[in-house]
Amino acid sequence: MKLLEVKELLSAEVFCGEEFLETEVDSAFGSDLMSDVLAFVNTRVLLLTGLVNPQVVRTAEMMDISAIVFVRGKCPGEDIIELAKSKNMVLLSTKNTLYTASGKLYAGGLTGEEKGE
Amino acid sequence: MADGMKLQFVVDDGDFTRAGETSSKVKKTLTQLGFSPEVIRKVAIAMYEGEINMVIHANGGTIDVEISSEKILIIMQDRGPGIADIERAMQAGFSTADSKVRELGFGAGMGLPNMKKYSDEMEITTEIGKGTCVKLTINVKG
């Protein structure tokens, strides 16, 4: 799924990386725990989270994740946006909850990353 | 290849917003040196977990990275309280992190298990009241 479609499905606001919205993501992972992102993600996913701090961008960087959707209307601060810009990352924000946002994306064809499947 | 390249970094105490900068620098260096994405990913994740641990549990410390075409060695030496029970600390889900750390998205008890998962060798030496040293080896060639 293209990030542009993610943006439209979630009526999301784009904070940075507008120029990368043509990028494709193969699957998605939702969590507020960065420890679990580090433990469970194996491929390049779209990250959905309600956690907003610079470590979300750092975690994404280590995992080669290029796009993050902040859910529940959370918005990243300037420091987070600047950090993401320096890593060529796309930051989005949706008013949807994690569950609803995930449901919309799944229904749109973006599946989750499950171990052993 | 950069045989015998050695890097040293200082990890500041308690500066959570900057935690991960060292891992980021090493990731960039390895990318420039042309290591495979798989090796870079393993080093980045294992080292980032270690760096976070040094900041949240251990008053900071130093990280030495030795890069060769055979393997990448990461030595993380902290000034923390030491680990009382390494076996328990290695269990997924066991954590001594406080609620502040958990609010930041860490402290889920996955740090050491993750470091083991993403490295080929892991050695921990620890002394109560003095600090902990974690040595990670990531093999470049399978």
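Strand β3 (residues 71–78) of chain B pairs with β5(B) in the antiparallel sense, and seven bridges hold the pairing together on paper. This is a predicted model, so read everything below as coming from computed coordinates. Besides that strand pairing, there are two other spots to look at: the interface of chain B with chain A, and the surroundings of D12(B).

**Around strand β5 of chain B**

- Seven of the nine residues of β5(B) (residues 131–139) are buried, so the strand is largely enclosed by the rest of the structure.
- On the β3(B) side, K71(B) stands opposite N139(B) of β5(B).
- Strand β4 (residues 121–127) of chain B also runs antiparallel to β5(B), and seven bridges join the two.
- In that pairing, E127(B) sits opposite G131(B) of β5(B).
- β4(B) and β5(B) form a hairpin with three residues between the strands, and G129(B) takes a positive phi there, near 85°.

**Where chain B meets chain A**

- Contacts link 25 residues of chain B with 22 residues of chain A.
- About 1,900 Å² is buried between the two chains, and carbon and sulfur atoms give 50% of that area.
- K27(B), R41(B) and Y48(B) supply 29% of the area that chain B buries against chain A, which is more than any other three residues.
- There are two salt bridges between chain B and chain A.
- A salt bridge joins the side chains of E21(B) and R58(A), at 3.7 Å from N to O.
- Across the interface, 16 residue pairs are in polar contact, with both partners at pLDDT 80 or more.
- Three elements of chain B give two or more residues to the side that touches chain A: α1 (21–33), α2 (37–57) and α5 (111–118).
- Of these, α2(B) gives the most, with six residues.
- Sorted by class, the side of chain B that touches chain A has eleven nonpolar, seven polar and seven charged residues.

**A look at D12(B)**

- You'll find D12(B) in the loop between β1 (5–11) and α1 of chain B.
- Its relative accessibility is 35%, so D12(B) counts as partly exposed.
- Setting aside neighbours within four places in sequence, D12(B) is in contact with R18(B), V55(B) and G60(B).
- With R18(B) there is also a polar contact, side chain to side chain, at 3.5 Å from D12(B).
- E51(B) is 39 residues away from D12(B) along the chain, and their C-alpha atoms are 9.7 Å apart.

Notes:
Residues numbered from 1 in each chain as written. Chains lettered and ligands numbered in written order. Predicted model: local features only at pLDDT ≥ 70, side-chain atom pairs only at ≥ 80, totals over all residues. Heavy atoms only, no water. Buried < 20%, exposed > 50% of the residue type's maximum accessible area, 1.4 Å probe, protein only. Helix = DSSP H or I, 4+ residues; strand = E, 2+ residues; numbered from the N terminus. Pairing = 2+ DSSP bridges. Contact = heavy atoms within 4.5 Å. Buried area = accessible area lost by both parts, 1.4 Å probe. Salt bridge = Lys/Arg side-chain N within 4 Å of Asp/Glu carboxyl O. Polar contact = N/O pair within 3.5 Å; in protein donor to acceptor, adjacent residues only side chain to side chain. Nonpolar A, V, L, I, M, F, W, Y, C, P; charged D, E, K, R; others polar.
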